[in-house]
Amino acid sequence: MNGHGKSDRSIVPKKPSNKGRGAPRPVETVEGRGLAKGSSAQQNRSRTQRRTDLHHALDRVREVAKQDRKLRFTALWHHIYNVDRLREAYFGLKRDSAAGVDGETWRHYGEHLEDNLRALAEKLKSGAYRAKPVRRVFIPKPDGRQRPIGVPVLEDKIAQRSTVEVLNAVYEVDFLGFSYGFRPGRSQHNALDAITVGIERKKVNWVLDADIRGFFDAIDHGWLVKFIEHRIADQRVVRHVKKWLNAGVLEDGKRTQSTEGTPQGGSASPLLANVFLHYVFDLWAHQWRKREARGDVIIVRFADDIRVGFQWHEDAKRFLVAAQARFLRFKLELHPEKTHLIEFGRYAAERREKRGAGKPETFNFLGLTHICGQRRSGGFKVLRRTESKRMRSKLREVKAELWRRLHHPVPETGRWLASVIRGHCHYYGVPGNSYALNNLRYQILRRWHWTLGRRSQKSRLTWERMQRLVRRWIPSVRICHPYPAQRLIVGPKAGAP
């Protein structure tokens, strides 16, 4: 690569794809805030042209990365501090997300957007940019525990998002097909489809449900920087990443720093986690599958959530022992109480019945419980149900919010409940999960009925009137997703397990 980020070899850039662009395209602009004067049509054309130019620049990086998988990029920095890319990063952020330690909000920053972005670009270009500590907050997990989340300041979010878009052009070429977490054009449902189709179509009799203990808090900074330098030789980019890693966390007014961990919440954290696990687990597991396994092996990873299916029990046991040693080498540990090897697959029920071991065990993955089941025709299929602890957690949230809205207008609460049910169906509405969806809807209606009955001591809400409210405001549940085999196109681009 020369000083302008272009390869010495002759490369014809491909037509840019509509998928996998990193930062999503903005859906709206900040009206009257820091935008150039002129007609809206001219502004839209200008922004469209800039966006096209940005994508073409990364297309060349992506093409070079694809042609030479061992090439180290020496000139990427100018892509990151580009004002147009920073602007796209700004518009890609959530408008109402929490502010960092400096209190700066998205809307306030946008009041002088162009001046602020030019100042940020100049700080990045000159090396004067300094990452600020992230503000630590805690959000409840479905099991009742608290998950720590880091909230970076707004300019750190912009710089991180710009950097992630550039680095994705390199790493999306390298990442393997069974890695799904936080990647452009991939989602939880792609991973769910892959594990289901893999179990049903391959000879899978055992499933390893692996959990890495405190993964995001245990990533070793030294190893992470070494992994980044496998592909990135531009030390300005590497120093940029180090600034985020060394920024520390601000909690209860105290700033703490560590040589381990990447706070969840920033745009860079998912990419850095994927880079770390790509070298620690993905490449190693792929080679182990090709060289050591005697039978079929399928692998699906979503961030630090790993599921591996095996044909033979001996392969599964050897893989588990080797994986534990592999993770320990890089200062990670498989959680001994949350890592399970279970008998699962088309013959699991028959074999366990012969041994008197009862029904096959189940495993959870991305909020759905996977169960050995049968088709109506008698063939094997993987049944998927909403995970029970996710259901209980959602009902607790709804009950608390209904009580808070006790005296709000009924139409307002009805619209809110409708959005809750639609949102739940949008994620959990997979084929075969209708019973769990209808059960959640029924339990929500019971709680709403109970709450409405406490609005007044003088009259009781009859069930007939309640039914009228339900018909007016509460939608029926529906299946939103196709069958896994319909959506999953087996191949490296689609993510073969």
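## Overall picture

Of the 497 residues that make up the chain, 50% count as buried, and the model in which this was computed is a predicted one. The chain is built with 18 helices and 11 strands. If one takes the contacts between residues at least 6 apart in sequence, 74% of them join residues at least 24 apart.

## Two nonpolar cores

The largest nonpolar core has 82 residues, and the members that touch the most other members are Ile158, Phe281, Phe319 and Phe327. Helix H11, which covers residues 268-291, gives the most to this core, contributing 13 residues. Apart from this core lies another one, of 51 residues, which includes Trp416, Leu417, Cys425 and Leu437.

Which residues does phenylalanine 281 contact, once its neighbours within four places in sequence are left aside? The partners of phenylalanine 281 are then Ile299, Arg301, Ile306, Val308, Phe319 and Phe327.

## Helices H5 and H6

Helix H5 (residues 113-126) packs with helix H6 (residues 154-174) at an angle of about 65 degrees, and their axes are 12 Å apart. Because angles of 65 to 115 degrees count as roughly perpendicular, H5 and H6 are described as roughly perpendicular to each other. The crossing that these two helices, H5 and H6, make is right-handed.

On the side of H5, the contact is made by Asn116, Leu117, Leu120, Lys123 and Leu124, while H6 brings Glu155, Ile158 and Ala159. Sorted by class, the residues in the contact of H5 with H6 are 5 nonpolar, 1 polar and 2 charged. Ile158 therefore appears in two parts of this report, since Ile158 of H6 takes part in this helix contact and is also listed among the members of the largest nonpolar core that touch the most others.

## Helices H14 and H16

How are helix H14 (residues 388-404) and helix H16 (residues 434-452) arranged, and at what angle do their axes cross? The axes come within 10 Å and cross at roughly 25 degrees; because angles under 35 degrees count as roughly parallel, H14 and H16 are roughly parallel to each other. H14 passes H16 in a crossing that is right-handed.

In this contact, Met391, Lys394, Leu395, Val398, Lys399, Leu402 and Trp403 of H14 meet a set of residues in H16, namely Ala436, Asn439, Leu440, Gln443, Ile444, Arg447, Trp448, Trp450 and Thr451. When the residues of the contact of H14 with H16 are divided by class, 10 are nonpolar, 3 are polar and 3 are charged.

## Arginine 136 in strand S1

Arginine 136 is found in strand S1, which runs over residues 134-140. Is this arginine 136 buried or partly exposed? Its relative accessibility is 27%, so arginine 136 counts as partly exposed.

Leaving aside neighbours within four places in sequence, arginine 136 is in contact with Pro148, Ile149, Asp217, Val249, Leu250 and Glu251. The C-alpha atoms of arginine 136 and glutamine 264 are separated by 9.4 Å, although the two residues are 128 residues apart along the chain.

## Two residues with positive phi

Most residues other than glycine have a negative phi. Phenylalanine 182, which is not a glycine, nevertheless has a positive phi of about 55 degrees, and this residue is found in the loop between H6 and helix H7 (188-201).

Alanine 303 likewise has a positive phi of about 55 degrees without being a glycine. The place of alanine 303 is the loop between strand S6 (297-302) and strand S7 (305-310), and alanine 303 is buried because its relative accessible area is 7%.

Key:
Residues are numbered from 1 along each chain as its sequence is written. This is a predicted model: local features need pLDDT of at least 70, side-chain atom pairs count only at pLDDT 80 or more; totals for chains, interfaces and linings use all residues. Side-chain values use heavy atoms; hydrogens and water are left out. A nonpolar core is a set of buried Ala, Val, Leu, Ile, Met, Phe, Trp, Tyr and Cys residues joined through side-chain atoms within 4.5 Å. Buried means under 20% relative accessible area, exposed over 50%, partly exposed in between (1.4 Å probe, protein chains only). Helices (H or I, at least four residues) and strands (E, at least two) are DSSP runs, numbered from the N terminus. Contact means heavy atoms within 4.5 Å. Axes are lines fitted to C-alpha atoms, for helices over the stretch in contact, and angles run from 0 to 180 degrees between N-to-C directions. Angles under 35 degrees count as roughly parallel, over 145 as roughly antiparallel, 65 to 115 as roughly perpendicular and the rest as oblique. A crossing is left-handed if the near helix is turned anticlockwise from the far one by less than a right angle, and right-handed if clockwise. Ala, Val, Leu, Ile, Met, Phe, Trp, Tyr, Cys and Pro count as nonpolar, Asp, Glu, Lys and Arg as charged, and the others, Gly among them, as polar.
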